[in-house]
Every structure is written in structure tokens, then in C-alpha cells.
Amino acid sequence: MRMSQKKMLLAFSAVTTVTLLMRCGGRWSRTADRLRSECPALRPHPAAGPKAKHTNVAFLKTHKTASSTVQNLLFRFAERNNLTVALPTQACGHQFCYPRPFDGHFVHPHTLPPNVISNHMRYNAAELRRLMPNDTRYVTILREPAAMFESLFSYYNQHCKTFKRVPKGSLDAFLERPWRYYRPQDQGSMYARNTLTFDLGGDKDRPATDAAYARSFAAEVERVFSLVMIAEHFDESLVLLRHILSWDLDDVVYVKLNMRAPASKRRLTPGLAGKIRTWNWIDAHLYDHFNASLWRRLAALGSACVDREVRLLRVAKERLLRGCFGGQRPLLRLAGQIQNKDLRPWQPSAKVGIMGYDLPANLSSGFSSSARELCLKLVMAEVQYTRILLRSQSVRYHRPRLSLRSRPVPDASTGPTTASGLRSLYNRAS
């Protein structure tokens, strides 16, 4: 009898959670409408009416900049809106054959023609223009160079020859005499100097005396990219992203992904941070340029409106997280402790602790399949999500070639087969 009552209680709790999530949707929609009416910079032209969502997006995914979190929200947006995401061929793995410059041949044929592209690549303007629609919005993200380089040094310590040469893996020793260990043509050298510049297609080894190169490179990035996000001001960057793409609040709800464990991080002294910025001088110029640019654009929207929207985003995220995790905040776990292999992030070596999330064990007992899928995708690791997207898009690619009689019955393992149900639930959940 007690077991039966417990099952009924679990089912009731799950149904109640989903019901609350569904009721919240109208509230967020009305709040967003009110926000547009109060903020002149967010209000469409009276004669134009509501703007259609912009669905063609190229995200240049940089390294150790919170870019996996942005990629995840782009993947979820693409699935909800039945868009095609360009994904790498199997020969490239889950990246577009990085660090080679991007080439259209790196894209899996089952993911053409694309609306969205967001896996790691080295930027190649000509190839991306050939691949993506003419109205594509280009977006990327930068991180403060000292914090980013500390993360790179830790994360790729066993994958970058430069870092492996340093005695005892000492960051201090490397920065004392970087040219003693650094070789521009080494395997993995792009992680050891001006990584942002390299990812954006620039010359990471331009001499520090060439200040004109850094200025012209920043100007070119600004010309091409509709938005350069800043990791340290992530939520404010999402406000701009939402505005530029005419997306809803729920389209940019996120969970932080691919974080290092506190034990794998080190605090930088001002002197060490200064040495890092000097060594990565082009990245430092890019960051300073676009950090200032971000705040000019936010000021143009109005600080009161931006602050209000940031608060709404955080409340929406909190509600969705608590709905997915049984009224609690999700518990971060080390990758090796995560039971669900779809949620286990890649760990570069045993020396680096990477954090992820586990879903509650009883989630499937009361949630609908669409609710469970929403929660799963929200915290899914990059490599696994890429595989699932490729599988689902391959099914869609082959489907028109099959007769109605031979068409397979959709299976949950192929991806978002209940796309309309998931879209409805998600739009209400946030």
C-alpha cells in the first residue's frame, strides 16, 4: 500500500511540475510583450508589426569561452523550429576538421543546406559564404585572455606539445620564458598563443610590434560579425543576441556547460595575468575592443531595459531548472560520476576535472517523453548532442526518398521525433 502511494505521489509531482511549466509560458510571453512596449530600442516599427525570428545563424565557436553553452541553445532552437544544422563529417569527428581552415567538404551531406552552424572550426570567410544563406547573422564569443589562457593551459596540457615541454606543467615557468617552449608549427600550437585570433582566421604569430595588424583585424571581425559576445557578461550578451535575432526569451534560456572543477582552476596574480595578456597580445586587443563595443550597444538599448530583461532571463532559467530537477537546483557532478553517458562531458585527461549534470533517477517515471527530452537536451554534452542531431537529420534527409509504405516508424533514439510537442512544452516551460 505504501509503495502504491509513493508511486502516485511521484506521478502527481511530475504532472504538477509540467503543469506549472506550461502555465508559466503565457506569463513570459506577456512579460516579453510588455518589455518591448516599454523599451524603445526593442520595439519594432509600428507599421512593421512583430518581426519574424531570424533563423540563419553562423556561430564561430571559440575555445574555453562558454561557447558550448551558446552552441547548446542554438541546437535546441534549431530542433524546436525544424531547422537544419550543419554538422561535421565522420572523418572530422565533432569539429569541422579543426585546426584546418573551414572547408565546405567538412560538412556532412545529410546536413545540407544548413540554417545553423556552430561546431568548432577555424573561420574561413569565403567557404562559409558559399555554404550559408545570404542573410546569415554571424556571431562569436570572446573571454578575458588571462582567464582563458589559464583554462587552455590546464585543459590542453596533455594535448599541446608546447605545454607538455614545460617542467611540471608550470604556468609560471612557461610565462617566464614562453619562447623556450613554444614552436609555432607544433601540433596544438593554436592553444598556446592568441587562440581567439587563430579561431577567427587571423595570424596568431604576428609580431607584437605590428599594432596596425591588431587594429585592422578587429575592424574586419566587427565588419563580418553581427555580434561578438563577451563571456564575462554572458546574460547581457544574450539580451543583445535575442534582440539581433528577434528571438523570444525562452529561446535563450541556458545551463552552463563544460565547466572545470574548482580544483582544476588556479587564481591568477595581477603579474601573471599581465604576462598572459602580453604573450596573447592580439587576443587582448580583440577582447578590449569588443568588450567596449558590447557596452556601447547595451547603453543604446537602455540600462533599465537591459537590467530588466536580464532579471527575466534568470528567473525563467531558474523555473525551468527547478522543473527539470524536481524543484531543486541541479547538482554538478564530475564527469566520471555521471551515470547517463549522454550527459557525460569529454574529459581531456585525468588531471582535469570537468563538471556536468545528472538527471534525477525518477524523471522518466512521471514526465512525458517530450518533457524528459527537453530536460535532457538542456544539459546534454556537446559530443553526444552532435551525434544525436546528425542521426535525426540523417533520418529526415532519407525520408523523402522512401515511399509512405516503407517509411520507418519514428523512434525516440533518432532525436526529436515529437518536435511539435517538444516545441509547445518548451515555449510554455520558460
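Arg-122 sits over the face of Phe-198 in this predicted model, with 3.8 Å to the ring centre. A second arginine does something along those lines: Arg-193 has its charged end over the ring of Trp-279, 4.2 Å from the centre.

Trp-279 also belongs to an aromatic cluster. Its other members are Phe-149, Phe-153, Phe-163, Phe-174, Trp-179, Tyr-181 and Tyr-182.

Now for ring pairs. Searching the whole structure turns up 22 aromatic pairs. A pair of aromatic rings is described by the distance of the centres and the angle of the planes. Here are two of them with those values:

| Pair | Centre to centre | Angle between planes | Geometry |
|---|---|---|---|
| Tyr-155 and Tyr-156 | 4.9 Å | 75° | edge-to-face |
| Tyr-213 and Phe-217 | 5.8 Å | 10° | stacked |

Why is the pair of Tyr-155 and Tyr-156 edge-to-face? Their planes are at 75°, and the label applies because that angle is over 60 degrees. Both partners are tucked away from solvent probes: Tyr-155 is buried at a relative accessible area of 5%, and Tyr-156 is buried at 8%.

The stacked pair, Tyr-213 and Phe-217, lies in helix H8, which covers residues 211-224. Tyr-213 and Phe-217 are four residues apart there, so about one helical turn separates them. With planes only 10° apart, the pair counts as stacked because the cut-off is under 30 degrees. Are these rings buried or exposed? Tyr-213 counts as buried at 13% relative accessibility, and Phe-217 is buried too, with a relative accessible area of 10%.

How values were computed: Residues are numbered from 1 along each chain as its sequence is written. This is a predicted model: local features need pLDDT of at least 70, side-chain atom pairs count only at pLDDT 80 or more; totals for chains, interfaces and linings use all residues. Side-chain values use heavy atoms; hydrogens and water are left out. Rings of Phe, Tyr and Trp (its six-membered ring) pair if their centres lie within 6.5 Å; planes under 30 degrees apart count as stacked, over 60 as edge-to-face and the rest as tilted. Buried means under 20% relative accessible area, exposed over 50%, partly exposed in between (1.4 Å probe, protein chains only). Helices (H or I, at least four residues) and strands (E, at least two) are DSSP runs, numbered from the N terminus. A charge sits over a ring if NZ of Lys or CZ of Arg is within 6 Å of the ring centre and within 35 degrees of the ring normal.
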